[in-house]
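Work through the exercises below with the sequence and the 3D view open. Try each task before reading its solution.

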Amino acid sequence: MAKALNLIPTSTFPPFSCPTRPKRKFSIRATTESSETPVSSASVQTKPEPSSPPLTFAPPPNFKPPEPKRFGVRPDKVFDILGASLALLFRLGTGVFVSGYSFSFVSKDEIPADQYALDFNDSKVKETSKIGPRPPKPIEIYEFEGCPFCRKVREIVAVLDLDVLFYPCPKNGPNFRRKVAEMGGKQQFPYMVDPNTGVSMYESDDIIKYLVGKYGDGNVPIALSLGLLTTLTAGLAMIGRSGKGSSYSPSRLPPKPLVVWAYEGSPFCKIVREVLVELELPHIYRSCARGSPKRQILFDKTGRFQAPYLEDPNTGVEMFESAEIAEYLKATYAL
């Protein structure tokens, strides 16, 4: 959209290693069965045993956040990014732009240096959007990457510029799939809980209509209102990353959710999201598609805008660069 991708060196820091820490046990009682996976009545502990030492997390040894490189792709990640980019073609860019997005080219002098704007030759791109009411608390959504129905909901999250607390539910995940069965009666995804209204529901189309009616202008975008065609293209969008972000990898669950600045239409963000889901790491997702006011917030915070951007309150780490974020997550939380 602005510059060609540049290949950059493989890694800016040595391979991560992290000592094994005690695994926390969770317990949620589920007594229903899912259309996907049967759930037997079982109860597991939800709190660490009194004798267990509290889990602590620290950055990997010798860790140093990499310098951000805009539009840069590490040579070993080229095919990953290309595969993740296929979704843009099948979904016609849905999830790239906030509702009511528009842009215009203006002189560089019209936009102060402390305001975010995309440079384009000798001009700057002024972007605007029309967003609806903001929920005081993040919407809670239980889902996983390799699911076309879940993708539809993530796209409307980007269009509406919502903050969401995602609870990843990969296949064989020990924590949040059972929680969904306990709350709603079955393991079906996506599942949404709105803590602002007390509403909870299954079914992607119903969730989309609810979010648009409550936090948008009431109109479902055309790309998300085509029924079976929408679902088929959402499924085809996963071809380039088939199987990624679907199955659980053993991990340690942190006490606080991570914070990720990202948006559904970005292939770089998708690489990070896949790892978050596989490790079953809850995360607050600050959606910042084109036209989002949150781009200015991140610009004020870091001096630049680039997505994805990770904030880990469990270790104090804050960093750009998708490939290095994925490595950091595995080194810090994978067993």
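**Exercise 1. In which order do the three strands of the open sheet stand, and is the pairing parallel or antiparallel?**

Some ground rules come before the solution. The model is predicted, so local features need pLDDT of at least 70 and side-chain atom pairs count only at pLDDT 80 or more, while totals for chains, interfaces and linings use all residues. Residues are numbered from 1 along each chain as its sequence is written, and side-chain values use heavy atoms, with hydrogens and water left out.

Step 1. Fix the terms: helices (H or I, at least four residues) and strands (E, at least two) are DSSP runs numbered from the N terminus, and two strands pair if DSSP finds at least two bridges between them.

Step 2. The order is E3-E5-E4, and the pairing is antiparallel.

Step 3. Strand E3 (102-107) and strand E4 (118-120) each have a single partner strand, so one side of each has no neighbour in the sheet.

Step 4. Look at one pair: E4 and strand E5 (residues 123-128) are joined over three bridges, and Phe120 stands opposite Ser123 in E5.

**Exercise 2. Describe the surroundings of strand E12 (residues 309-312).**

Step 1. Sort the side chains: Tyr309 and Glu311 point one way, Leu310 and Asp312 the other way, and all are buried (under 20% relative accessible area; exposed is over 50%, partly exposed in between; 1.4 Å probe, protein chains only).

Step 2. Find the partners. Strand E10 (residues 258-262) runs antiparallel to E12 and is joined to E12 by three bridges, with Val260 as the bridge partner of Leu310. Strand E13 (residues 317-319) is also antiparallel to E12, again with three bridges, and here Glu311 stands opposite Glu318.

Step 3. Inspect the turn: the hairpin of E12 and E13 has four residues between the strands, and Gly316 takes a positive phi near 85°.

**Exercise 3. Count the disulfides and account for Cys150 and Cys269.**

Step 1. Apply the cut-off: a disulfide is a pair of cysteine sulfur atoms within 2.5 Å.

Step 2. The count is zero.

Step 3. For Cys150, the closest cysteine sulfur is in Cys147, 3.1 Å away, which is too far for a bond. For Cys269, the closest is in Cys288, at 6.6 Å, also too far.

Step 4. Check accessibility: Cys150 is buried at 1%, and Cys269 is buried at 2%.

**Exercise 4. Which parts of the chain do the salt bridges of Arg74, Arg273 and Arg151 tie together?**

Step 1. Take the definition: a side-chain nitrogen of Lys or Arg within 4 Å of a carboxyl oxygen of Asp or Glu. The whole structure has 23 salt bridges.

Step 2. Arg74 meets Glu327 at 2.8 Å, N to O. Arg74 lies in the loop between strand E2 (72-73) and H1, and Glu327 in helix H8 (residues 322-333), so the pair ties parts 253 residues apart in sequence. Arg74 is buried at 4% relative accessibility, whereas Glu327 is partly exposed at 25%.

Step 3. Arg273 pairs with Glu145, with the closest N and O atoms 2.9 Å apart. Helix H6 (residues 267-278) holds Arg273, and the loop between strand E6 (139-143) and helix H2 (148-160) holds Glu145, so parts 128 residues apart in sequence are tied together.

Step 4. Arg151 pairs with Glu264 at 2.8 Å between the closest N and O atoms. Arg151 is in helix H2 and Glu264 in the loop between E10 and H6, so the link spans 113 residues in sequence. Both residues, Arg151 and Glu264, are buried.
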